[in-house]
Amino acid sequence: MDLSKYIDLYLSDGREHLAALRAGLPESAGEAPADVNALFRHAHSLKGMAASMGFEATAALSHALESLLGTWRAGALPTAPAVLASLEALDLLEALTDAVQTSGGEGDLVPPAQACAKKLSGVAGAPATPAPAAAAASPPAPAASPEVPSPSAQGPEARVTVAIDASSALPAARLLVVSQRLQQAFGRCTMEPPLAEVQAGNLRRARFRVPLGPGLKEAARQLRELAEVAEVTLEVCQAGPAARGEAAVVPSVRIPAPDLDDLLTLTSDLLHHLNLLESGLGSVERRHHRFWLEKHRALLDGLFDRVLSVRLVPFELLTERLARLVRDLSARTGKPLRFEVSGADQKVDRALLERLLDPLSHLLRNSADHGVEPRQERRERGKPEEGLLSLEIQREGEALLVSVRDDGRGLDETAIARAAVERGLLTSQEAALLTRKQILEFITLPAFSTRSEVSELSGRGVGMDVVRAAAESLGGRLEMASEAGKGSRFTLAIPSAATLTQVLVFGWTGAQRFGVPASQVRRIFPLSAHPLVWVGSRRCLRAGDDLLPVLSWRGGPVGRDGCALALSGPEGEKVLLVSDVYQTERVVIHPWGPPLDMIPHWIGGALLSSGEIAYIVDGRALARQEERTADVSPAP
């Protein structure tokens with residue numbers, strides 16, 4: 001049978017098992033896994049899948065890992081060699097999966113996989129060779145062995161009916177995986193109709209007869225979690241005590257990401273048309289239909305939130321890979337490192353999460369190599385030998401803040417300024433006039449480095465420029481803070497994508513309409529009651545005893561009948577002068593594509609109830625941009 005058409009299915013399911021193993025394997029000796037039974041099942045399933053596809057090195061390594069997990073399941077505590085061997089095996093399994101995806105085979109990774117399997121068997125005390133691939137690929141013949149009775153043999157049986165989702169492109173492949181899972185779990189499994197008929201007729205439903213046992217319900221739940229399995233139902237063929245009370249399993253359906261994107265767009269269009277309907281009604285009709293409008297708006301808001309929540313994934317999917325990177329960095333630099341994470345339960349769009357992997361990896365490498373001191377230097381400074389790298393994820397209004405912090409030596413602004421002068425970027429006199437923030441900006445320039453020698457991790461000037469470019473490509477920014485002897489902090493501030501946000505719509509006479517998140521607007525001042533005054537070279541609005549700086553950005557003239565929007569910023573409130581304030585609306589903010597995504601204070605665009613497109617402005621970024629402009633202005 002040609003198995004090449006099942007490669008995508010193998011890769012998809014295999015990566016899920018590897019991700020579960022990555023999340024559950026212990027990282028230190030003496031620490032028993034929270035759910036070793038689940039880890040054992042994932043390794044067992046991966047072994048069976050690889051064996052059925054003919055990937056013998058992956059099957060052997062998975063079998064060796066399964067044997068090690070079996071000892072932990074029996075009560076043995078993980079030893080340091082066993083933990084290291086299990087993590088090495090997981091790295092190799094991921095590499096083998098990548099090799100299958102790129103080349104269709106396991107390539108030159110077979111020898112190291114075999115060596116790792118032997119190492120695992122040494123620490124587990126179990127053989128490293130799994131059952132032959134052919135045995136895992138197809139059910140054994142009836143009555144072939146006294147240990148495997150024929151389907152007609154005496155004994156209670158259960159019937160498992162599995163239906164594949166209608167959207168599946170390869171229903172026969174999915175049913176083959178179900179057959180293999182049941183075969184592995186119960187030793188024998190009969191498929192009705194046979195696989196050949198399922199493939200010939202492209203059938204989406206099959207019935208499996210298996211021995212009745214205590215693990216049947218759990219096996220059915222695992223089948224339900226397989227990709228594109230729409231329904232799993234159990235039925236007892238011959239009454240048995242273990243099966244009484246078994247019932248149909250609630251179906252679970254996977255939805256492709258593009259379908260979720262389309263569903264989100266359709267929901268936002270429905271919200272827009274409801275806004276159009278409401279804006280087209282007269283005041284009397286609006287009052288008459290007020291309850292109907294409010295009910296449907298609440299229903300659509302709830303639908304949008306549910307669709308959006310399904311499309312989001314927890315940030316911890318990325319932190320697992322970053323924790324592995326920190327372990328590798330600790331081994332390569334010879335510095336003991338501790339990795340702490342907070343806010344990993346924050347949910348973000350999957351596409352955004354994938355784009356954050358590269359910049360965060362650069363930041364961790366930079367902190368491990370440049371920031372954290374060698375253990376001897378840390379002892380001399382009275383610090384613990386183990387350096388700290390921490391990742392913090394939080395939300396601030398409509399922005400996602402992802403920070404990487406270390407407790408190392410901090411950034412040496414003198415060395416940075418000296419390197420800038422040596423490279424001819426500025427003169428020593430100009431360097432003396434720069435602020436600390438301006439000096440730190442130099443490390444984000446391409447090919448800029450304070451290292452005179454090139455190491456495996458740094459010295460080539462590649463890293464911080466990649467981080468800054470990644471943040472700006474996402475419509476965000478990179479913020480840096482450092483204190484000598486105490487460490488550095490790098491923060492990626494990124495606007496959320498595709499969110500339902502309350503915005504205040506404003507503009508200038510005859511100009512395009514704009515919006516700002518309502519959460520950023522503290523107060524609105526009519527200019528007829530609050531005068532504008534000059535304080536030195538800065539224009540300010542007088543609000544009682546307060547003098548609020550005026551932002552210079554605007555889209556047209558503003559007269560005495562205009563308004564001032566007080567926006568919350570990192571250095572306090574600043575006001576934006578506008579000629580018209582229209583209304584507040586809940587809108588879907590869509591990020592801009594190039595080249596508009598390069599404008600740092602623009603979050604994206606939104607479709608208003610009037611049918612117009614509004615440019616959504618990030619008030620905090622706007623205030624921060626003007627602060628930088630003021631910093632580099634020549635002194636009077």
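Strand β16 (residues 538-543) runs antiparallel to β17, and the two are joined over 4 bridges. Helices and strands here are DSSP runs, numbered from the N terminus: a helix is H or I over at least four residues, a strand is E over at least two. Two strands count as paired if DSSP finds at least two bridges between them. One bridge to look for links Cys-540 to its partner in β17, Pro-549.

Before going on, a word on what you're looking at: this is a predicted model, where local features need pLDDT of at least 70 and side-chain atom pairs count only at pLDDT 80 or more, while totals for chains, interfaces and linings use all residues. Residues are numbered from 1 along each chain as its sequence is written, and side-chain values use heavy atoms, with hydrogens and water left out.

Back to the strands. Which strands sit at the edges of this sheet? The sheet is open, has 3 strands in the order β15-β16-β17, and pairs antiparallel. Its edge strands are β15 (532-535) and β17 (546-549), each of which pairs on one side only. From one strand to the next, the twist averages 45°; axes are lines fitted to C-alpha atoms (for helices over the stretch in contact), with angles from 0 to 180 degrees between N-to-C directions.

**The whole protein**

Zooming out, the protein has 20 helices and 22 strands. Of its 636 residues, 47% are buried. Buried means under 20% relative accessible area, exposed means over 50%, and partly exposed is in between (1.4 Å probe, protein chains only). Contacts (heavy atoms within 4.5 Å) often reach far along the chain: among those with a separation of 6 or more, 68% are between residues 24 or more positions apart.

**The nonpolar cores**

In soluble globular proteins, nonpolar side chains tend to be buried together. A nonpolar core here is a set of buried Ala, Val, Leu, Ile, Met, Phe, Trp, Tyr and Cys residues joined through side-chain atoms within 4.5 Å. The largest one has 46 residues, and Phe-315, Leu-356, Leu-360, Leu-364 and Leu-391 touch the most other members. Helix α14 (residues 350-371) gives this core its largest share, 7 residues. What does Leu-356 touch, leaving out residues up to four places away in sequence? The list is Phe-315, Leu-318, Val-402, Leu-474, Leu-492 and Ile-494. Apart from the largest core lies another, of 30 residues, including Val-36, Leu-39, Ala-43 and Ala-85.

**A buried alanine**

Ala-493 belongs to strand β11 (residues 487-495) and is buried, at 1% relative accessible area. Setting aside residues up to four places away in sequence, Ala-493 touches Leu-400, Leu-401, Gly-476, Arg-477 and Glu-479. Gln-394 is 99 residues from Ala-493 in sequence, yet their C-alpha atoms are 9.8 Å apart in space.

**Salt bridges**

Side chains of opposite charge can pair when their charged atoms come close. A salt bridge means a side-chain nitrogen of Lys or Arg within 4 Å of a carboxyl oxygen of Asp or Glu, and the whole structure has 24 of them. Here are some examples:

| Pair | N to O distance |
|---|---|
| Glu-94 and Arg-22 | 2.9 Å |
| Glu-386 and Arg-338 | 3.2 Å |
| Arg-436 and Glu-413 | 1.9 Å |

Glu-94 sits in helix α4 (residues 80-103) and Arg-22 in helix α1 (residues 7-24), so their salt bridge ties together parts 72 residues apart in sequence. Are these two buried or exposed? Glu-94 is buried at 17% relative accessible area, and Arg-22 is buried too, at 10%.

Glu-386 is in the loop between α15 (375-380) and β8 (387-396), while Arg-338 is in strand β6 (residues 337-342), so this pair links parts 48 residues apart in sequence. Glu-386 is partly exposed at 34%, and Arg-338 is partly exposed at 31%.

Arg-436 lies in helix α18 (residues 436-440) and Glu-413 in helix α16 (residues 413-422), so the pair ties together parts 23 residues apart in sequence. Arg-436 is partly exposed at 29%; Glu-413 is partly exposed at 27%. Elsewhere, salt bridges with shared partners join Glu-373, Glu-377, Arg-378, Arg-381, Lys-383, Asp-407 and Arg-409 into one network.

**Cysteines**

A disulfide is a covalent bond between the sulfur atoms of two cysteines. How many disulfides turn up here? Taking a disulfide as a pair of cysteine sulfur atoms within 2.5 Å, the count is 0. Cys-116 is buried, at 1% relative accessible area, and Cys-189 is buried at 7%.
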